[in-house]
Amino acid sequence: MTTPTRPARYPASRWLTLGVLLLASVYFLAPVWWLLVASTKTSSGLFSGNGFWFGDFALLDNLRDVFTRQGGIYWQWLGNSAVYAVGGAGVSTLISAMAGYALAKYRFRGRELTFNAVLAAVLVPQPLLAVPLYLMFSQLHLVNSFWAVLLPSMVSPFGVYLARIHAAAAVPDELIEAGRIDGAGEFRIFATIALRVMSPALVTIFLFQFVSIWTNYLLPVLMLADDHLQPVTVGVVGWQAQRAIGPGAPPLNVVVTAAMVSAIPLVVLFLSLQRFWRAGLTAGSVK
Amino acid sequence: MTTALPGRTAPQDPTARPARRARRPARTAAMFLAPFLLLFTALYLAPIGYTVQQSLFRMHRSGLGLSAPTEVFAGLGNYATALGDPAFRGSLLRVLLIGVVQVPLMLLLALVLALLLDAKSTMFKRFFRLAFFLPYALPGVVGAIMWSYLVAPGLSPITAAAHHLGLHLNLTSDGMLGPTIGNMLTWGWTGYNMLIIHSALQAIPPEVVEAATMDGCSAFGTAWRIKVPMIRPALVLTTVFSIIGTAQLYNEPAILHNVAPNLSSTYTPIYAAHNAVDANDFNLAATESVVLALLAFVLSFGFLKLVQRRGAAS
């Protein structure tokens, strides 16, 4: 805005920029539009007519089918996902906050070593760890249980990393000292002062862990054979895979609708908590 | 790391205001760290150690196979088996190829979009940022199911459109599987990378850009010669994350397999390891996981070393 002459001097480049960005938006949005439209169609409607425009409107029938098929198991899948995601993210946020606070605010031998181990673990992707976890859990007879998915969801090295950065920047030493002068114990200072100051970072940590658990597929598909324990990702892909096998399988429009519904909680979270997303994503890059 | 320092540490600088320290900092810190370290050891270090150990053993079935198999030390025998298997070697080469072709294309697209969004005269920035980032907000599995139908023969609106133009396109043919999966990855991750790059661009002090403009630098010149070098750390970060992301490729091929049975069930290394688990060959699954982890480690650190040396030379 400080150089108002530039856009006027280069109107062509401005239109070109707009054109490129519009083209890119079509690439990113059109598939999602297709998914939305497809979830309103009948099975036969999916195979005829324009894929990007509405045909016979069957969204309500599709939803009814999704939520009543196999005795309403879709409800259970959503519930399981919610339990894994809320439980795992809740515990890991608290644990990460404690660890990050300790790494930021106490001097002790082994501090750097611990933090470097956390940093290295941030780079270990969850899917790479899923097979080793399965091998170990099957030795311990933990597979096909609730804990097989919930326990690994409770650890988040990225959360510790974010908590340490935020605690170092946002919790002033003077505040902790003031607490000590008032005679508060270390844990009380953490619980009543530090946690409150760190709350924006805690929302970000919770959000990231919640999303990574809700979207996780490889770990639960390895661990859980019992479909009453599965989260919604595994359940929906299971329906899609059944389709390849044959009769009695959910029709295509039901699979599409089930996939679409399972994304709604995340899209809502994403739209309502945008600034926390950005806080977490940019923590690593702007240093 | 729980080694306690002597009770009270003396202040380093006697003239400084005596800071009130925690009475036993090491013990308090250990208490705060304990839950995380416990879970971290049990759920990160232990499975990694167990997997490395399993990769060195194999099940031995004696004679007629009537008695229970026993575990025997195999040295590097499993590694020879895994690397001698053309299917597993193929899966490693495939992710390497996807990494070499798809990652640069995706990051270039992300960089261009971020630079365009960062330009002053650009309109509707908020809308575009949201639109580009939306794929990342969808669960990867939902994106993969959606794309599997968008490319499935008989259903795909893309092949239907191509058909209208007289082209016979099959996006799930053997030759097209690579580009199709590359497209799924590009669609899903460009926005995420763009957001990281865009945030780095926004951290550039406006004076720097204004000075370049005053000196008569064109918008393109400013972007290429001033902005891109300044956001180097963000570009390195997104490259390393993308390399690691490619190594762990699983969801997209596994889900695409449901509409494209010709897609091999050892298409990527993790897919192959999952297959070994299904076949109850845990030692092979362990070995393949270790090989993949080493490859991802070598590639991402190799890249980091490379850019560090370049950075030091320039």
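**Contact, core and helix geometry in a two-chain predicted model**

Modeller: The contact draws on 82 residues of chain A and 80 residues of chain B. On the side of chain A that touches chain B, helix α2 (residues 11-38) of chain A gives the most, with 14 residues. The model under discussion is predicted.

Colleague: How do the residues of the side of chain A that touches chain B divide into nonpolar, polar and charged?

Modeller: That side of chain A has 58 nonpolar, 16 polar and eight charged residues.

Colleague: Which residue of chain B can serve as an example of contact with chain A, and what makes B:Leu43 count as buried?

Modeller: B:Leu43 is in helix α1 (residues 25-54) of chain B. The cut-off for a buried residue is 20 or more other C-beta atoms within 10 Å. B:Leu43 has 20 C-beta neighbours inside 10 Å, and therefore counts as buried. Apart from neighbours within four places in sequence, B:Leu43 is in contact with A:Leu133, A:Leu151, A:Pro152 and A:Val155. Within chain B, the C-alpha atoms of B:Leu43 and B:Tyr149 are separated by 36 Å, with these positions 106 residues apart along the chain.

Colleague: Why does B:Thr159 count as buried?

Modeller: B:Thr159 has 20 C-beta neighbours inside 10 Å, so this residue counts as buried. B:Thr159 is found in helix α6 (residues 157-164) of chain B. Not counting residues up to four places away in sequence, B:Thr159 touches B:Pro153, B:Leu169, B:Asn170 and B:Leu171. One of these, B:Leu169, is 10 residues from B:Thr159 in sequence and 5.6 Å away in space, C-alpha to C-alpha.

Colleague: Why is B:Phe124 called partly exposed?

Modeller: A residue is partly exposed if its count falls between the exposed limit of 12 or fewer and the buried limit of 20 or more. B:Phe124 has 14 other C-beta atoms within 10 Å and is therefore partly exposed. B:Phe124 lies in the loop between α3 (86-118) and α4 (125-137) of chain B, and has a positive phi of about 55° although it is not a glycine.

Colleague: What makes A:Asn144 count as partly exposed?

Modeller: A:Asn144 has 13 C-beta neighbours inside 10 Å, so A:Asn144 counts as partly exposed. This residue sits in the loop between α6 (126-139) and α7 (146-150) of chain A. Its phi is near 60°, a positive value in a residue other than glycine.

Colleague: Which members of the largest nonpolar core touch the most other members?

Modeller: The largest nonpolar core has 167 residues, of which A:Ala99, A:Tyr101, A:Ala163, A:Ala259, B:Ile145 and B:Ile197 touch the most other members. Helix α4 (residues 59-105) of chain A supplies the largest share of this core, 14 residues. Leaving aside neighbours within four places in sequence, A:Tyr101 is in contact with A:Ala163, A:Ala167, A:Phe190, A:Ala194 and B:Phe32.

Colleague: How do you know whether α4(A) is straight or bent?

Modeller: A straight helix of 47 residues would reach 69 Å at 1.5 Å a residue, whereas the end C-alpha atoms of α4(A) are only 54 Å apart. In addition, α4(A) bends by about 115° at A:Gln70.

Colleague: How does the span of helix α14 (residues 252-272) of chain A compare with 1.5 Å a residue?

Modeller: The 21 residues of helix α14 of chain A should span 30 Å at that rise, and the end C-alpha atoms are 31 Å apart, so the two values agree. Even so, α14(A) bends by about 35° at A:Ile264, and a proline, A:Pro265, follows within four residues. The buried residues of α14(A) include A:Ala259, A:Met260 and A:Phe270.

Colleague: Which spans of chain B does UniProt list as "transmembrane region"?

Modeller: In an unreviewed entry, UniProt gives this annotation to residues 29-50, 92-116, 128-150 and 290-307 of chain B. Residues 29-50 of chain B are 100% helix and 0% strand, with end C-alpha atoms 29 Å apart. For residues 290-307 of chain B the values are 100% helix and 0% strand, and the end C-alpha atoms lie 26 Å apart. The UniProt feature "domain: ABC transmembrane type-1", also from an unreviewed entry, is placed at residues 92-303 of chain B. Over residues 92-303, chain B is 76% helix and 0% strand.

Methods:
Residues are numbered from 1 along each chain as its sequence is written. Chains are lettered from A and ligands numbered from 1 in the order in which they are written. This is a predicted model: local features need pLDDT of at least 70, side-chain atom pairs count only at pLDDT 80 or more; totals for chains, interfaces and linings use all residues. UniProt positions are given in the numbering used here, feature names are shortened, and annotations may be inferred rather than shown by experiment. A nonpolar core is a set of buried Ala, Val, Leu, Ile, Met, Phe, Trp, Tyr and Cys residues joined through C-beta atoms within 7 Å. Two residues are in contact if their C-beta atoms, placed from the backbone, lie within 7 Å. Ala, Val, Leu, Ile, Met, Phe, Trp, Tyr, Cys and Pro count as nonpolar, Asp, Glu, Lys and Arg as charged, and the others, Gly among them, as polar. The expected span of a helix is 1.5 Å times one less than its number of residues. The bend at a residue is the angle between axes fitted to the seven residues ending there and the seven starting there.
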